[in-house]
Amino acid sequence: MNEISLKLNADDLILQALREDMPGEDVSTNAVMPEACAGTVDLIAKEDGIVAGLDVFARVFMLLDAETRIEFFCKDGDAVRKGQKLAVVNGDIRVLLSGERVALNYLQRMSGIATYTHEMAALLAGTGITLLDTRKTSPNNRVFEKYAVRVGGGANHRTGLSDGVLLKDNHIGAAGGVARAVQMARAYAPFVRKIEVETETLDQVKEAVEAGADIIMLDNMSDVDMKKAVELIGGRAKTECSGNVTRENIARLADIGVDYVSSGALTHSAPILDLSMKYLRPVSREVES
């Protein structure tokens, strides 16, 4: 994330997180540090993984005090190792203490998602399959979590409901069938929008193909039925496999023949990457002669 992206998409969310953590004042910090004092603290990796969210981490402190300075020794997407120093943060000790938890929450969460995504993408390497995320994200954190998926080597599905047409089971039920749902979506949506249909049976797959769906999702189908579905579609639509896809079972999908595999686990089940701010110490300012 660059500075423009942060200002447009993230600053308000970061400020909300800071207000949640500090609705009035930071009582602990104000008790032991009643006045400004320059200090420095190290950012340390406590386990191996892929780092993501360094700009967001920095932005937390910059929003509290624009004079904060951070020196990074890695960049988003880098593999980091346990014990590695990732950055040094310099600024008012009160800011370093008050911003620590929010900054780490973002960085640990985003790095965890990037690490999990990287591991899952590696299991599909060489297959030509694109690994996708879903909308199963933490409320108000989607912009951060989907960015972390990209850093980890995955790709984003829809960012939100306005991005594209995805006719799921309840949409199909509301419309009265697959063909009718596709027809109505084609008439309503801008012509540049692709139409994806979620299917659960081979009969629905056939109906979606005949209705002219651009993408057909094979949701919670058996491996045997997915292979039959891919043959039935015959390249007339892109294919996406979905449904309880995790790091433990994704490898079995490599030879199904689908174009995409989507996994909600990338964002809802990835553990955090353990990171810590350590060794905070005051620093004396140089006195001008």
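**Exercise 1. Place R19 in the fold and classify its exposure.**

Solution. R19 sits in helix α1, which covers residues 3–21. The model is a predicted one. The relative accessibility of R19 is 52%, so R19 counts as exposed, given that the exposed class begins over 50%. For a spatial reference, take V102: the two residues are 83 apart in sequence, while their C-alpha atoms are 10.0 Å apart.

**Exercise 2. Do the same for A175, and list its contacts beyond the sequence neighbourhood.**

Solution. A175 belongs to helix α6, residues 169–175. Its relative accessible area is 21%, so A175 is partly exposed; the buried class would require a value under 20%. Leaving out residues up to four places away in sequence, A175 touches R180, A181 and M184. A38 is 137 residues from A175 along the chain, and their C-alpha atoms are separated by 63 Å.

**Exercise 3. Describe the overall dimensions, secondary structure and surface of the protein.**

Solution. Start with the extent: the C-alpha trace spans about 80 × 35 × 30 Å along its principal axes. Next, the secondary structure consists of ten helices and twelve strands. Of the 289 residues, 46% are buried. The exposed area is about 14,800 Å², with 49% of it supplied by carbon and sulfur atoms. Finally, consider contacts between residues at least 6 apart in sequence: 70% of these join residues at least 24 apart.

**Exercise 4. Count the charged side chains and locate the centres of the two sets.**

Solution. There are 33 positive and 42 negative side chains in the protein. The centre of the positive set and the centre of the negative set lie 3 Å apart.

**Exercise 5. Find the non-glycine residues N220 and N244 in the fold, and state their phi angles and exposure.**

Solution. Take N220 first. N220 falls in the loop that runs between β9 (215–219) and α9 (223–233). Its phi is near 55°, a positive value in a residue that is not glycine. With 48% relative accessibility, N220 counts as partly exposed.

Now N244. This residue lies in the loop between β10 (238–242) and β11 (260–262). N244 also has a positive phi, of about 55°, without being a glycine. Its relative accessible area is 64%, so N244 is exposed; the cut-off for that class is over 50%.

**Exercise 6. Determine the number of disulfides, and classify C74 and C241 by accessibility.**

Solution. The criterion is a pair of cysteine sulfur atoms within 2.5 Å. Under this rule the count is zero disulfides. For the accessibility step, the buried class is under 20%. C74 has 12% relative accessibility and therefore counts as buried. C241, at 3%, is likewise buried.

**Exercise 7. Compile the two domain annotations from the UniProt record with the secondary structure of each range.**

Solution. The UniProt entry is unreviewed, and it lists "domain: Quinolinate phosphoribosyl transferase N-terminal" at residues 26–111. Over that range the chain is 42% helix and 28% strand, and the end C-alpha atoms are 26 Å apart. The record, again as an unreviewed entry, places "domain: Quinolinate phosphoribosyl transferase C-terminal" at residues 113–278. There the chain is 38% helix and 17% strand, with 23 Å between the end C-alpha atoms.

Conventions: Residues numbered from 1 in each chain as written. Heavy atoms only, no water. Helix = DSSP H or I, 4+ residues; strand = E, 2+ residues; numbered from the N terminus. Buried < 20%, exposed > 50% of the residue type's maximum accessible area, 1.4 Å probe, protein only. Contact = heavy atoms within 4.5 Å. Areas by Shrake-Rupley, 256 points an atom, 1.4 Å probe, with all protein chains shown as cover. Lys, Arg positive; Asp, Glu negative; His and termini not counted. Charge placed at Lys NZ, Arg CZ, Asp CG, Glu CD. UniProt positions renumbered as here; feature names shortened; annotations may be inferred.
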